[in-house]
Amino acid sequence: KSVTLSLLQSVANAFDFGGPVLCDAHHYGEGHINDTFVVWREDHSKRFILQRINTDTFTNPVGLMENVCGVTRHLRAKILAEGGDPARETLNVIPTLSGSTYYLDADGGAWRAYDFVEDTICLQQVGSETDFRTVAETLGKFQNQLEDYPASTLHETIARFHDTPNRYANFEKALAADALSRAKNITSEIEFIHAREQDCHVLLDQLAAGEIPLRVTHNDTKINNVLIDAATGKGICVIDLDTVMPGLSAYDFGDSIRTGANDCAEDEPDQSKVHFDLHLYEVFAKGYLSTAGASMSMAEKKSLAWGARLMTLECGIRFLTDYLEGDHYFHIARPDHNLDRARTQFTLVRQMEEVFDQMLEIVCPDNR
Ligand code: ADP
Ligand code: MG
Ligand code: MG
């Protein structure tokens, strides 16, 4: 669905930008989910982010904006109390002229606006250990600032997002149906998943037993969702709050490790090039715990190592499920693309399992 300049301008005119704004119909940034644009005040004194929410993915934009407003209000109070600058250290929602947090256009598109966080860098890949550490500290701080937010009041913007046993069950359904007769190509991958059925329950069992807490989680903790101050190199602001929902700290930690603690593409077809990097894991863990660790019990720290394993396993299961069902969820650029993606995740899982004792020791030294 394209966006014309006239649509963009009419949407922009509905928001309270403190004066008339000029639009640019080119997409801004490298996000893959929403349609992101920049609008400038006519006098060029200030710019803003204007986004059309992807309502194919997020079917309840109203609940989503309630989450974003609730969480950013809480963060703003924390940042103020800590002597920080709330204008840069959290997203700030700009209301519409009629006082709403979102705007619906004539085609049913749902839009929202934020202050533009200026003088920052948005990294697309882990370039250095320092960057990875910075991202870890910033995500840990985000987790810590939301420690006392009532997580259960948040809407689940994508139902059962990290319900790993449910992902496993969906895989079993796709396998039983075997709609494209592809199961015969993946016997070793099927065996790999079946051998790990019990693993899928580890984190949710710990939650059910009260051993680890329900938390506010971000659920898209990729490096390009953390803005870094261009002048100081410090982490400034966690953005992209669409998937904020109740969850486990292990989910966010685990997904950062899955995407960042290796030097291969997510869809690397050559498995000999896939390496889980225990050193990068340690760099991230130390950064994350330096800001989030104070509020975590021993059990929760240990759950982080499980998060790395399970988020990677779960992601592989999802890729393989889509492969069995005919590649209609993840966009593919070649045949077997989802199979390559799944294999890469499973290679990482296998390597994590080999060093799992060390992974536990790193997040929970001497069980302290
Ligand atoms: P998506 O879900 O599509 O990834 P994001 O909310 O992450 O959407 O926005 C896409 C990109 O736009 C970000 O990666 C970042 O470069 C930029 N961006 C988003 N919000 C802001 C903001 N408030 N200030 C500056 N840049 C932003
Ligand atoms: Mg993003
Ligand atoms: Mg997003």
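These questions and answers look at two magnesium sites and one arginine in a predicted model.

Q: Which residue bridges the magnesium ion (ligand 3) and the magnesium ion (ligand 2)?
A: Start with the donors. The magnesium ion (ligand 2) has N225 (OD1) and D240 (OD) as its protein donors. The magnesium ion (ligand 3) takes its protein donors from D240 (OD) and D240 (OD), 2.3 Å from it. The residue that coordinates both ions is D240.

Q: How far apart are the magnesium ion (ligand 2) and the magnesium ion (ligand 3)?
A: Each ion has its own distance to its donors. For ligand 2 the protein donors lie 2.2 to 2.3 Å away. The two ions share D240, and their separation is 4.0 Å.

Q: Is N225 buried or exposed?
A: Buried means under 20% relative accessible area. N225 has 5% relative accessibility. D240 has 24%, so D240 is partly exposed. N225, at its 5%, counts as buried.

Q: Where is D240 found?
A: Look at the elements on either side. One is β10 (235-238), and the other is β11 (245-247). D240 sits in the loop between β10 and β11.

Q: Which backbone oxygen does the side chain of R196 reach?
A: R196 lies in the loop between α6 (187-194) and α7 (202-208). Its side chain comes to 2.8 Å from a backbone oxygen. That oxygen belongs to F192.

Q: What is the relative accessible area of R196?
A: R196 touches L313, V349 and E353, not counting residues up to four places away in sequence. The cut-off for buried is under 20%. R196 is buried, because its relative accessible area is 13%.

Key: Residues are numbered from 1 along each chain as its sequence is written. Chains are lettered from A and ligands numbered from 1 in the order in which they are written. This is a predicted model: local features need pLDDT of at least 70, side-chain atom pairs count only at pLDDT 80 or more; totals for chains, interfaces and linings use all residues. Side-chain values use heavy atoms; hydrogens and water are left out. Helices (H or I, at least four residues) and strands (E, at least two) are DSSP runs, numbered from the N terminus. Buried means under 20% relative accessible area, exposed over 50%, partly exposed in between (1.4 Å probe, protein chains only). A polar contact is a pair of N or O atoms within 3.5 Å; within protein, one must be able to donate a hydrogen and the other to accept it, and residues adjacent in sequence count only if both atoms are side-chain atoms. Contact means heavy atoms within 4.5 Å. Donors are N, O and S atoms within 2.8 Å of the metal (3.2 Å for Na, K and Ca); water is not among the atoms, so sites may look incomplete.
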